[in-house]
Amino acid sequence: MSTEAGGEKVRMHIDPTERAWIRVAIVVLVIFALAITVAGFMLGIQVPTEEQRVDPRTIGDAAPWAAPAADEEGDPRIQELVPGEKYAVYIIAKMWLFAPSQVPTPESGIEIPAGAEVTFYVTSTDVQHGFKVQNTNVNFMAVPGEVSTLTTEFDEPGTYDFICTEYCGTGHAAMFGSITITE
Amino acid sequence: MVTETTQTPVYTISKSDKRFIGWHVFFAVAALTIGSLFGPLQALQQAGIDWYPSLDFLFINIPEGPAAYYQGLTLHGVLNALIWTTFFITGFTTLAVIRGLKRDLAIPIMNRIGFWMMVVGLVVAAIPLLGDSASVLYTFYPPMQADSLFYIGLVLVVVGSWIEGWGFYITLYRWRKENPEEKTPLIVMAVVLNMVMWQIATLGIAAEVLGLILPWTFSLTNGIDPQLSRTFFWFTGHPLVYFWLLPAYASWYTMLPKQAGGKLFSDSLARLAFWLFLILSVPLGFHHQFVDPGVPAGWKFIHSILTLGVFFPSLLTFFTVVASLEYAARQRGGKGLFGWIRALPWGDPSVAAQLLAGILFMFGGISGLANASYNVNLVLHNTTWVPGHFHLTVASAVTLSFFGISYWLVPHITDKPLWRPNLAVASSWVYFAGMLIFSNAMHTVGLLGAPRRTPLGLAPYVPDEWNGHLFRVAVGGAIMWVGLMLFVVVVAVTAWQRKRFADGETVDIPLAESLDDPNNAPAWLDRWKPWLIATAVLIILAYGPQLLDQIFGIELTSPGFDPGSPIPNN
Amino acid sequence: MTTESDNGNEARGEFKPRGTVAFAAAFVALIFLMWFSVYIILLSRGATT
């Protein structure tokens, strides 16, 4: 912390109380850095990472995001990977609805048993949207051209709304869906 | 202090420069006045009350329902967050540079060209904004598409601010050549450094608008890459916050201590804090993209840690500013562990505004820490917590400080005494009270899951437990508006009244001395080159690899969409 | 200039910012209280990968 100035060595003068505060500030910030590291890398609470690029113009009609044909049995967008334990849900966000969704029209209901792990794969076919499952840590952007994904476990039975959290045009306020967790 | 008019000024700013600075303030306050009309309407909308039709006279095409909400929200964001700030900051910077260096601008015509380019940009962008053809909010995320005039207007505003910046750099460069023995005054270093940081930061938005959006809007490309657009936008988007904040910090460090009757506690640490803001403001934009699908989690984590790093100079600022205020209060006879706070000159409108700004900013800093914390952001991303947060930063720390600065700056440049100083003090308190109610409610209902940017009065999924908080949002928002209008009235009457200062009377710019001698500070605190190199290196390390990856992986697949229709344009 | 700053340094030597230290301690307590209240909500919602 010293340098030459006009041939004289000048050291930076710091008041002792301020020196103590600098230490406190660094400790405070290190504590937060450690806390997010513990939550992220030891308790497994992670943010979305790069998944897959897609073409937003065609992905809505491609498997597994495409709506099932009228004569098709079941819904390929809701996949039971391990019965009662592991599920995958593929959702298209578009102006101004999620598909599949139980609301506003029960196009197809999402029902998952309590205690199961659910992975959401969400992408947009038009503008940017948000996807937030209330009362869980699932909260991410749905960006056209990209697939967003997060996995969480639903322990409590009940109805969980998922809402659009990014402005996506005049119908944005009505854009939501829900998932039913059964006993 | 504001009414202290007898001191002889150390340096008198020319009439033409005063008028030039006055134009900055005029456009800034005009933008704030119009932009803020929508604030209480948005807040009331959260409680299910629709007063938008009362503003129909403003519009070329009268929008209805949610379209009115979003047109208003776009105007609110653009006029308040981009125009009020940029115009006020360039005006304040002009004053600080001239008065700090006691020297005219090196090339006055350059700053004038830059400024009027900003005004032209504002007018050009206003046409589609008022015509409901650019209701894309101030983040204008593609592939939602606005009228091309909106983007062209923004480009003119940003380039105009660059040109004003170049005028400041050249002025400081000449001064340093003329005064090789002197340290750059802290105030000048702070405001010029802010313009340099802005210049670097806005390269992101320049790349986004010139490289991606305009070619797409003019149909030269079939589509756009929304993820890359977001990355470019947030390269600028976060440093934008520091561009707003650093002039307020400059006032807290270099003026507020004098106004409070004391001295700056530490000149050297103030300088160190500003240099750290230069190198740390830009390389952390991914903390706005923690939940983006196209950015690897590892880069998000690195930017989260860097964001915690930029809190360090803010914490330094907290201590130095509070200590300077305590010194002033003790000089004024303040006693006790906390009792000294009462001894500060709360009756001075400029001081009161800035003290209240600082108090609100403490809370804003804390909620910002949560936003910046990687996975913690999952709890609150895109909820009303986020606008709750930035109303404590840009709309409190920055805006209330600019109120405080205006209360001496407008008398200074108009040579007219401040009209009704008591009303000026009241304006800050009313605004402060409204903000406390509003921001507390926004943070709380955000934690419960309420989405931002949503007219919740129209949303079908609002649970009962949100309603009480949404009502407080409405009440707080309405009170804030009253405080803001008091500010506008005080400043406008001050500027337009007939009363003038008598000959020889003036209000000088309140520059504080330091408790430590600035000439005793080490020389590395007055050298630009090492800090600029460090800035470039850190940006390249933190952004380079991921940015190149996204640029080489570009996919121009998204057609444009109008916010009112799910059918793509073209 | 020199005399002024000498006075300044003396003044600073006498001045101990006790009130600032108390204020800063309260601020740090508030930072922890508010930040960790959000952190606890995060942890209560369980692993998310």
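## Where chain B meets chain A

Put chain B and chain A together and they bury about 5,900 Å² between them, 66% of it on carbon and sulfur atoms (buried area is the accessible area, with a 1.4 Å probe, that two parts lose on being put together, summed over both). On the chain B side, Pro293(B), Leu378(B) and Tyr461(B) lose the most area to chain A, together 12% of what that side buries. This is a predicted model, in which local features need pLDDT of at least 70, side-chain atom pairs count only at pLDDT 80 or more, and totals for chains, interfaces and linings use all residues. Residues are numbered from 1 along each chain as its sequence is written, chains are lettered from A in the order in which they are written, and side-chain values use heavy atoms, leaving out hydrogens and water.

As for contacts (heavy atoms within 4.5 Å), 81 residues of chain B touch 68 residues of chain A. There are 2 salt bridges between the chains, counted when a side-chain nitrogen of Lys or Arg is within 4 Å of a carboxyl oxygen of Asp or Glu. One of them pairs Glu166(A) with Arg453(B), with the closest N and O atoms 2.8 Å apart.

Glu166(A) turns up again at the largest cavity, where Glu166(A), Tyr167(A), Val136(B), Tyr141(B) and Met144(B) lie nearest the centre. A cavity here is a set of points on a 1 Å grid over the protein atoms alone where a 1.4 Å probe fits but cannot get out, and lining residues have an atom within 4 Å of a point.

| Largest cavity | Value |
|---|---|
| Volume | about 80 Å³ |
| Lining | 13 residues |

Definitions and conventions: 1 Å grid on protein atoms, 1.4 Å probe; cavity = no way out; pocket = protein on both sides within 12 Å on 5 of 7 lines; lining within 4 Å. Points joined across faces, edges and corners; volume = space filled by probe spheres on them.
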